[in-house]
Amino acid sequence: MSTTIVVAATPTSNGDLHIGHMAGPYLAGDVYARYLRATGASVIYTTCTDDSQSYVVTTARRSGTTPRELCAGSTEAIARSLSAMGISTTGLPPIDDVYRRAVLEFVTALYDAGRFRKRTVRLPVATCSGTYLFDGLVGGTCPVCLAGSSGGVCEACGHPNNYDELLDPHSTMDPDDPVAYRDTEILVLPMEEYRDRLTAYYTAQAGRWRPHAMQLIGELLAKPLPDVPVTIPAAWGIPAPFPETPGQMLYPWIEAMPAVMYSTWWSVGDTTLPLDEHWRAEHEADVVYFHGYDNVYHWGLMDLVFLLAHGDRYVTPSANVCNEFYDLAGEKFSTSRDHLIWTGDLLAEVPRDLVRFHLAYTAPELSRTGFTREGLRDNGYRRLSTPWNALSEAISEAARGLSGAVPVTPDGRRRAAAMVQRFRGCYELPGYSMNRAAETVLTHLNRLRDLATGSAITAGDLMLEARTLLAGAAPILIDAAGAAAAAGADLSLTAETPTSVPVFRLPRLPEEAGHEAADHRDPSVPDLLPLPLSAGAGVRRRSVRDER
């Protein structure tokens with residue numbers, strides 16, 4: 001059986017994760033990985049911090065610390081937030097000498113194979129400090145859409161802007177430091193040389209990408225493809241080992257592919273294997289990326305070219321699941337304006353299953369969506385917890401006096417099989433959608449509650465279909481599913497339906513503070529503790545970090 005490698009975009013280690021980040025690739029990748037495991041698939045869900053990014057340098061400067069200290073603190077914070085949200089990666093691997101060896105082996109193999117070219121490019125430089133400006137070190141105007149942009153790629157339209165292409169450039173470290181241009185020799189990987197293979201790849205991918213992301217890929221392929229920097233004059237990162245570019249660093253974005261190969265290797269835990277073993281083509285792993293629209297150029301095009309440049313050595317991704325931006329109260333999340341809610345703060349206030357459900361229900365899959373506290377209260381408590389607990393009580397009532405297994409009717413079996421198929425349609429590629437999975441949970445929740453409270457369903461059918469509901473919701477509602485699994489419930493998502501089912505009790509979900517519980521609640525049913533959702537809590541002042 002081949003393995004599926006699920007990769008969430010590598011978080012920059014210049015601060016913690018807010019819920020805008022979490023509603024994007026991290027929760028989406030986790031739900032997908034959990035679904036695959038429920039079908040019996042072999043899954044590695046992985047990511048690692050992106051320590052070499054220029055945003056680490058700019059944030060450290062503003063925060064009055066060093067890049068190394070910032071990375072260490074940020075990695076701990078990111079790991080805590082991922083764990084608190086129940087993101088099912090093995091953890092965050094250390095960015096150590098083994099990591100750097102993985103990166104250097106990956107790029108040195110390309111250098112030895114003659115894949116890189118030496119180019120003279122015009123780089124912006126801050127005149128007083130002498131700092132070369134790229135990516136987060138430079139701000140200006142996107143030459144494609146004319147929005148404000150950092151260097152490297154425009155967050156608004158997704159198009160790259162390498163070297164001297166950014167209009168009206170200024171140093172983000174010191175906007176008063178005049179900018180000049182300096183001709184500089186660097187090594188590049190020329191993407192245009194891979195056009196035929198890229199075109200063939202994306203032709204095969206037709207219908208597997210979300211429309212906005214594929215539109216951007218089409219726009220990029222419609223014009224000459226840029227050279228990708230391999231080295232850059234910088235003071236932070238991994239030193240480039242090439243004699244043509246003494247004193248330069250590896251361009252941070254080219255670390256992504258060897259980074260996730262390393263994190264895959266680390267997640268498996270067998271250190272006797274080569275660092276890139278699990279990505280080698282002969283193993284036929286299925287690789288699926290989860291990332292935001294602002295990383296379509298990087299994860300969808302640039303990183304693919306680096307895989308292709310290795311010939312047939314590595315697998316290429318079978319899918320890129322790309323999300324749009326998640327807003328807060330109608331405005332973009334902004335750490336510089338403290339317009340955000342940190343993941344840990346929200347989870348300290350609201351039960352995890354309710355947060356995961358609301359983020360899944362409102363995730364920005366096809367267009368920008370937003371978080372509001374009123375929406376979380378409505379979706380988490382009124383639309384989910386209240387009917388869910390009514391169904392739980394009805395199941396407990398139906399189970400009174402029953403033990404062992406109870407019979408299921410042919411109609412109940414057919415309905416349970418139909419439920420499984422609907423959930424699988426939400427979780428399978430290419431139509432993967434947390435939004436539709438959450439909506440499907442509500443649809444069947446309300447249907448079963450109405451049938452159960454109206455005594456219009458047999459006990460066996462009710463228990464099978466309620467168990468199937470929880471199995472379909474399990475990739476999202478991990479605590480409720482965990483409580484049921486601990487009690488012996490089978491939550492696998494298979495098309496097979498039994499003729500009898502063990503007596504099943506549906507774990508209760510947390511209720512909003514002040515809600516009076518029913519006196520006849522079955523004490524044998526697991527009850528996840530309720531926590532309040534106060535209107536004013538959950539936003540705290542933390543150190544400023546770049547939005548990335």
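Colleague: Is Thr 386 buried, partly exposed or exposed?
Modeller: Thr 386 is partly exposed, because its relative accessibility is 45%. Keep in mind that this is a predicted model.

Colleague: Where is Thr 386 found?
Modeller: Thr 386 is in helix H11.

Colleague: And how far apart are the C-alpha atoms of Thr 386 and Pro 510?
Modeller: They are separated by 9.0 Å. Along the chain, Thr 386 and Pro 510 are 124 residues apart.

Colleague: Let's stay with H11. At what angle do H11 and H14 pack?
Modeller: The angle is about 145 degrees. H11 covers residues 373-399 and H14 covers residues 459-473. Their axes are 10 Å apart.

Colleague: Is that crossing of H11 and H14 left-handed or right-handed?
Modeller: The crossing is left-handed.

Colleague: Which residues in H11 and H14 meet?
Modeller: From H11 come Trp 388, Leu 391, Ala 394, Ile 395, Ala 398 and Ala 399. From H14 come Ala 459, Leu 462, Met 463, Ala 466, Leu 469 and Leu 470.

Colleague: How do the residues of that contact divide into nonpolar, polar and charged?
Modeller: The contact of H11 with H14 has 12 nonpolar residues, no polar ones and no charged ones.

Colleague: New topic: cysteines. How many disulfides does the structure hold?
Modeller: Zero.

Colleague: Why is there no bond between Cys 322 and Cys 157?
Modeller: The sulfur of Cys 157 is the closest cysteine sulfur to that of Cys 322, but the two are 13 Å apart, so they are too far for a bond. A disulfide needs the sulfur atoms within 2.5 Å.

Colleague: Is Cys 322 buried or exposed?
Modeller: Cys 322 is buried, at 2% relative accessibility.

Colleague: And Cys 128, buried or exposed?
Modeller: Cys 128 is exposed, because its relative accessibility is 65%.

Colleague: On to strands. How many residues of S13 are buried?
Modeller: Six of the seven residues of S13 (residues 286-292) are buried, so this strand is largely enclosed by the rest of the structure.

Colleague: In which sense do S1 and S13 pair, parallel or antiparallel?
Modeller: S1 (residues 3-8) and S13 pair in the parallel sense, over five bridges. One bridge joins Thr 4 to its partner Asp 286 in S13.

Colleague: What about S13 and S14?
Modeller: S13 and S14 (residues 319-323) also pair in the parallel sense, over five bridges. Tyr 289 stands opposite Asn 320 in S14.

Colleague: What is the order of the strands in the open sheet with S9?
Modeller: The order is S3-S9-S10, three strands with antiparallel pairing. S3 (117-126) and S10 (227-229) are the edge strands, each pairing on one side only. The twist from one strand to the next averages 50 degrees.

Colleague: Over how many bridges do S3 and S9 pair?
Modeller: S3 pairs with S9 (residues 179-190) over 10 bridges, in the antiparallel sense. Arg 119 has Ile 186 in S9 as its bridge partner.

Colleague: Switching to H2. Which residues in H2 are buried?
Modeller: In H2 (residues 54-63), the buried ones are Ser 54, Tyr 55, Val 56, Thr 58, Thr 59 and Ala 60.

Colleague: What do the buried residues of H2 pack against?
Modeller: They pack against helix H3 (67-84) and strand S5 (148-150). Just after H2, Gly 64 takes a positive phi of about 70 degrees.

Colleague: Speaking of phi, what is the value for Asp 168?
Modeller: Asp 168 has a positive phi of about 50 degrees, although it is not a glycine. Its place is in strand S8 (residues 167-171). Asp 168 is exposed, at 59% relative accessibility.

Colleague: And what is phi for Glu 284?
Modeller: Glu 284 has a positive phi of about 55 degrees, and it is not a glycine. Glu 284 is found in the loop between helix H7 (256-268) and S13. Its relative accessible area is 61%, so Glu 284 is exposed.

Colleague: Last one. Is the peptide bond from Leu 429 to Pro 430 cis or trans?
Modeller: That bond is cis, with omega near 5 degrees. Pro 430 is found in the loop between helix H12 (410-427) and helix H13 (434-453).

Methods. Residues numbered from 1 in each chain as written. Predicted model: local features only at pLDDT ≥ 70, side-chain atom pairs only at ≥ 80, totals over all residues. Heavy atoms only, no water. Buried < 20%, exposed > 50% of the residue type's maximum accessible area, 1.4 Å probe, protein only. Axes fitted to C-alpha atoms, helices over the stretch in contact; angles between N-to-C directions. Helix = DSSP H or I, 4+ residues; strand = E, 2+ residues; numbered from the N terminus. Left-handed = near helix turned anticlockwise from the far one by under 90°. Contact = heavy atoms within 4.5 Å. Nonpolar A, V, L, I, M, F, W, Y, C, P; charged D, E, K, R; others polar. Pairing = 2+ DSSP bridges.
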